Amino acid sequence: MKVGLFVPCYIDQLYPDVALATLEVLERRGLQVEFPPGQTCCGQPMANTGCTEAARPLAEHFLRHFAPYDYVVCPSGSCVSMVRHHYDEYFPGDTAFASLKARTFELCEFLTDVLKVDTWTGRFPYKVGLHQSCHGLRELHLGKPSELMNEAPNKVRQLLAGLEGLELVSLARPDECCGFGGTFAVAEEAVSCMMGQDRIADHNQAGTAVLTAADMSCLMHLEGILRRQGQTIAVMHVAQILAGRPVPQIVAGASALVQLRRAS
Amino acid sequence: MSPQHDTSPQHDTSPQHDTSPRQDHARAASAFVANRGRATWHDQSLWFIREKRDRAAASLPEWETLRERASQIKAHTVAKLAHYLEEFEANAQRLGVKVHWAANAEEHNRIVLGILQQHGVRKVVKSKSMLTEECHLNPYLERHGLEVVDTDLGERIVQLRQEPPSHIVLPAIHLKKQDVGDTFHQHLGTKAGADDPQYLTESARGHLREKFMAADAGITGVNFAIAETGGVVVCTNEGNADLGVALPKLHIACMGIEKIIPRAADLGVFVRLLARSATGQPITTYTSHFHGPRPGCEMHVVLVDNGRSQIRSSDEFRRSLACIRCGACMNTCPVYRRSGGHSYGSTVPGPIGSILSPAMDAEKHSTLPFACSLCGSCTDVCPVKIDLHHQLFTWRRELALKKLVPATKRLSMKLLSFVLQRSWLFALGGKLMRRLVPKLPRALLYNRFNAWGRQRELPPMPPQSFRELYVIRKRDAASAREPARAAPPAELPSKPSQGDAA
């Protein structure tokens with residue numbers, strides 16, 4: 001089984017360890033994983049802004065680079081949702097795309113649905129607050145949204161629950177949006193930040209030590225607020241927890257520029 | 001009754017949200033959020049109702065089945081809309097109801113005024129109707145010398161304050177009891193500073209009772225019109241619609257053409273969904289059926305299109321006509337809860353309003369589909385399964401095609417697309433950013449042009465991108481496989497030390 005690693009553009013440039021952790025998680029399952037270097041971005045920023053035609057070449061780009069793989073796996077529910085829900089208009093009736101779409105998965109759903117992983121082994125003795133990113137939750141159905149009255153397993157929670165010592169905290173609002181929303185975060189800055197601050201307040205009352213999500217974009221927004229406020233909640237992508245990464249050391253009150261966490 | 005009345009200078013007395021040519025949600029929302037205490041209180045009040053809705057929905061094991069059923073009935077009805085409207089008209093006429101058709105808001109207002117003038121009406125009591133709000137009926141009738149009193153408590157409060165409702169079910173949800181106390185003190189002569197809800201409600205009751213007694217006509221909205229029977233159903237929690245039409249001899253019911261349902265048997269599906277979705281109640285306190293006028297009285301129904309046929313003709317937005325105006329999408333919307341209903345500048349705010357309003361006037365409401373993080377909560381909460389957030393997404397495309405998305409935004413997206421189509425350029429751009437940003441002084445990074453940085457830190461800039469690390473990792477792994485290399489595999493930097501994992 002040859003897996004193509006689909007790395008969201010901002011993760012590639014800003015959170016390389018999240019992609020690396022994803023790669024390691026997949027390799028730990030004995031998979032042959034490749035990162036096609038020609039890939040860049042799924043086109044969601046353009047599509048979400050209404051600039052559909054600007055996103056089209058990126059959809060074609062995606063198809064070109066990932067078609068050769070048996071599966072495509074991505075550590076972002078949002079980017080996978082872009083492929084699954086919004087690419088159809090670019091490839092009407094295209095069987096190659098339909099086939100690729102059916103083979104494209106978010107990391108956690110790939111582990112649970114394709115690889116049939118029941119529990120993930122490892123140790124992570126922390127109080128973890130799970131932020132259920134909206135696109136993963138409501139568009140990929142990684143879990144049951146609180147609005148719906150049906151039953152559905154929570155795939156991210158299920159994987160995390162296997163880790164020894166990990167305690168998932170209870171949030172007052174278990175699945176409210178963090179307020180990132182792509183360009184929304186800038187265009188509607190006031191509401192976006194209030195949403196993020198409210199999410200963080202919920203995690204604080206719940207006793208979150210490590211804030212995690214299956215989408216780094218939500219975490220980028222929440223981490224930006226946490227650091228500005230000088231809060232010490234650590235932020236990790238689910239892939240980093242599954243890969244056994246240590247919890248990053250947070251210097252309270254330091255700006256992102258100060259705590260660059262340089263390699264050397 | 002001549003059309004020029006609509007363009008008379010007095011037109012400016014209509015609610016303030018109708019006078020500005022273009023609404024800017026972000027700006028209005030920012031002003032609402034600036035009063036953080038109030039915004040938090042607003043958010044929590046609506047979330048309380050959302051949670052009540054969750055409990056009410058969970059109490060029905062068949063909830064999801066009901067939603068699916070409602071969705072199918074609506075899709076069927078919208079597909080055969082003309083058929084069911086004609087069936088309704090014929091059956092309503094048989095019951096002695098006078099049925100009128102209005103193509104737009106102006107025609108609706110003219111018809112209503114005509115009926116009222118024919119009967120020499122001076123005073124009107126009105127129960128809640130978002131349609132008459134949409135048509136700006138109140139200011140129109142007032143310009144023609146009539147007294148119009150909204151009898152829903154929340155509507156009466158905002159009417160006294162000369163404000164539009166901020167929510168379709170909870171029109172005064174943006175106001176605290178102190179605000180209501182001040183308003184009543186000013187207009188109804190209640191004690192200064194009094195904010196006891198019991199006292200205020202009783203004062204309003206006394207005041208409205210006088211209006212009910214003196215009214216010459218009652219106007220109501222319509223929640224459901226049943227084609228099969230020709231009757232209309234009005235749901236209220238205060239019984240004000242019943243009082244309003246029980247005393248005067250004239251009842252005018254105004255409805256959008258999408259309020260039609262085929263059969264009486266379908267009503268149960270919607271009535272069970274409506275109140276649970278709206279306020280978490282099992283049913284509205286009053287669910288009143290009007291099947292024809294009382295003896296010696298007159299009943300009129302005005303069927304209003306006002307843009308609905310146009311929405312119906314659109315494959316993309318047709319499903320928005322299924323809306324039963326429960327307001328659940330507003331209560332659940334994290335943006336609505338924090339920005340208040342007035343920030344939308346449209347009769348119907350929130351997610352559904354952000355779909356319907358641009359359909360009426362795309363230019364005026366062009367920012368609304370962007371007042372959304374695309375979280376999808378509205379879609380999952382909607383009792384008739386309207387794919388709200390997908391329609392909002394589609395609206396963005398429509399607006400960009402109409403060039404109603406700012407040129408700067410469209411250009412920057414074009415440029416971004418150009419870069420992202422070339423992986424070498426993307427990698428180079430990323431590298432420059434990661435090198436440059438850490439060297440810049442803070443004042444240059446965080447200033448008024450950086451909307452991200454006003455309340456957030458920028459993400460950390462790692463020295464290497466993943467694609468760079470990947471190349472190194474692959475090269476190291478390849479050399480590890482060569483027997484000539486002495487380094488033991490255990491010491492290979494399979495996890496290059498960098499960034500996030502510290």
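This is a short tour of a predicted model with chains A and B, stop by stop.

**Stop 1: chain B as a whole**

Start by showing chain B alone as a cartoon. You should be looking at 22 helices and ten strands, and the C-alpha trace spans about 105 × 50 × 45 Å along its principal axes. Colour by accessibility if your viewer does that: 58% of the 502 residues of chain B count as buried. A contact map tells its own story here. Of the contacts in chain B between residues at least 6 apart in sequence, 74% join residues at least 24 apart.

**Stop 2: the interface**

Now bring chain A back and select whatever touches across the two chains. You'll pick up 87 residues from chain A and 93 residues from chain B. Which three residues of chain A supply more of its buried area against chain B than any other three? Put A:Gln13, A:Met149 and A:Arg228 in sticks; they supply 10% of the area that chain A buries there. In total the two chains bury about 7800 Å² between them, with 61% of that on carbon and sulfur atoms.

For the polar side of things, turn on contacts between the chains. There are 37 residue pairs in polar contact across the interface, both partners at pLDDT 80 or more, and twelve salt bridges. One to zoom in on is B:Arg454 with A:Glu189, where the closest N and O atoms are 3.3 Å apart. Then select helix α11 of chain A, residues 189–206: this helix gives the largest share of chain A's side of the interface, nine residues. Colour that whole side by class and you get 45 nonpolar, 22 polar and 20 charged residues.

**Stop 3: helix α22 of chain B**

Select residues 466–481 of chain B. At 1.5 Å a residue, the 16 residues of this helix should span 22 Å, and the end C-alpha atoms are indeed 22 Å apart, so the two agree. Which residues of α22(B) are buried? Highlight B:Phe466, B:Arg467, B:Leu469, B:Tyr470, B:Arg473, B:Asp476 and B:Ser479. Next, look at what lies over them. The cover includes β1 (2–5), α1 (9–14), α2 (16–28) and β2 (32–34) of chain A, along with α20 (423–436) of chain B.

Stay here for a salt bridge: B:Arg434 pairs with B:Glu468, closest N and O atoms 3.4 Å apart. B:Arg434 sits in helix α20 and B:Glu468 in helix α22 of chain B, so the bridge ties together parts that are 34 residues apart in sequence. Is each partner buried or partly exposed? B:Arg434 has 2% relative accessibility, so it counts as buried, while B:Glu468 is partly exposed at 22%.

**Stop 4: a salt-bridge network**

Select A:Arg138, A:Glu147, A:Asp175, B:Arg50, B:Arg53, B:Asp54 and B:Asp380, which are linked in a network of salt bridges. Within that set, zoom in on A:Asp175 and A:Arg138, whose side chains meet at 3.7 Å, N to O. A:Asp175 is in the loop between β6 (167–168) and α10 (184–187) of chain A, and A:Arg138 is in helix α8 (134–139), 37 residues apart. Both residues are buried.

From the network, hop from B:Arg53 to B:Ser277, one of its contacts. B:Ser277 lies in helix α12 of chain B, residues 264–279, and at 1% relative accessibility this serine counts as buried. Leaving aside neighbours within four places in sequence, B:Ser277 also touches B:Trp63, B:Cys326, B:Ala328, B:Asn331 and B:Pro383.

**Stop 5: two last picks in chain B**

Select B:Glu147 and B:Lys211, whose side chains form a salt bridge (3.4 Å, N to O). B:Glu147 is in strand β3 (147–150) and B:Lys211 in helix α10 (197–214) of chain B, 64 residues apart. Both are partly exposed: B:Glu147 has a relative accessible area of 29% and B:Lys211 has 22%.

Finish on B:Leu188, in helix α9 (177–188) of chain B. This leucine is partly exposed, at 24% relative accessible area. Beyond neighbours within four places in sequence, which residues does B:Leu188 contact? Show B:Leu160, B:Thr183, B:Ala204 and B:His207. For a parting distance, draw a line to B:Thr279: 91 residues away in sequence and 28 Å away in space, C-alpha to C-alpha.

Notes:
Residues are numbered from 1 along each chain as its sequence is written. Chains are lettered from A and ligands numbered from 1 in the order in which they are written. This is a predicted model: local features need pLDDT of at least 70, side-chain atom pairs count only at pLDDT 80 or more; totals for chains, interfaces and linings use all residues. Side-chain values use heavy atoms; hydrogens and water are left out. Contact means heavy atoms within 4.5 Å. Buried area is the accessible area (1.4 Å probe) that two parts lose on being put together, summed over both. A salt bridge is a side-chain nitrogen of Lys or Arg within 4 Å of a carboxyl oxygen of Asp or Glu. A polar contact is a pair of N or O atoms within 3.5 Å; within protein, one must be able to donate a hydrogen and the other to accept it, and residues adjacent in sequence count only if both atoms are side-chain atoms. Helices (H or I, at least four residues) and strands (E, at least two) are DSSP runs, numbered from the N terminus. Ala, Val, Leu, Ile, Met, Phe, Trp, Tyr, Cys and Pro count as nonpolar, Asp, Glu, Lys and Arg as charged, and the others, Gly among them, as polar. The expected span of a helix is 1.5 Å times one less than its number of residues. Buried means under 20% relative accessible area, exposed over 50%, partly exposed in between (1.4 Å probe, protein chains only).
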